[in-house]
Amino acid sequence: MTYIIYAAAAVFEIAGCFAFWAWLKMAKPSWWLAPGMVSLALFAWLLTFVPSEAAGRTFAAYGGIYIVASLMWLWIVESRVPDRWDIGGALVCLGGTAIILFAPRG
């Protein structure tokens, strides 16, 4: 369930950030900011559902999922295929995410 929450949060965060990007860098109208802000609020709200005793650990583990989702956005929305360095970097980050999520804590 944690990965589903992280994946949904990543979509909302990327979409929200992209709305601001599009407004500033692609000359989209300012009304793009409203759904962007709603999307970013949904992202933050979703992360509160991750079962964790520490916000910082939740956010750190989410980082790897965000990176993979960002590369998928690059590929699907921006029509730019991630290169081997993108993929390798994402795998390293997912390894870090797994360590944070699954490390034995005492």
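This passage looks at how helices α3 and α4 pack in a predicted model, with a closer look at Thr-97.

Residues are numbered from 1 along each chain as its sequence is written, and side-chain values use heavy atoms, with hydrogens and water left out. In this predicted model, local features need a pLDDT of at least 70 and side-chain atom pairs count only at pLDDT 80 or more, while totals for chains, interfaces and linings use all residues.

The chain averages a pLDDT (the predictor's confidence in each residue, from 0 to 100) of 93, and 100% of the residues score at least 70. Among the elements (DSSP runs numbered from the N terminus, with helices being H or I of at least four residues and strands E of at least two), helix α2 (residues 33-47) has the highest mean pLDDT, 97, and helix α3 (residues 55-76) the lowest, 92.

The axes of α3 and helix α4 (residues 84-102) come within 8 Å and cross at roughly 155 degrees; axes are lines fitted to C-alpha atoms, for helices over the stretch in contact, and angles run from 0 to 180 degrees between N-to-C directions. The two helices are therefore roughly antiparallel, a label for angles over 145 degrees.

On the α3 side, the residues that meet α4 include Ala-61, Gly-64 and Ile-65, and Thr-97 is one of their counterparts in α4. Contact here means heavy atoms within 4.5 Å. Thr-97 lies in helix α4 and, leaving aside residues up to four places away in sequence, touches Ala-61, Gly-64 and Ile-65. Thr-97 counts as buried because its relative accessibility is 2%, where buried means under 20% relative accessible area (1.4 Å probe, protein chains only).

Terms used. Parallel < 35°, antiparallel > 145°, perpendicular 65-115°, else oblique. Buried < 20%, exposed > 50% of the residue type's maximum accessible area, 1.4 Å probe, protein only.
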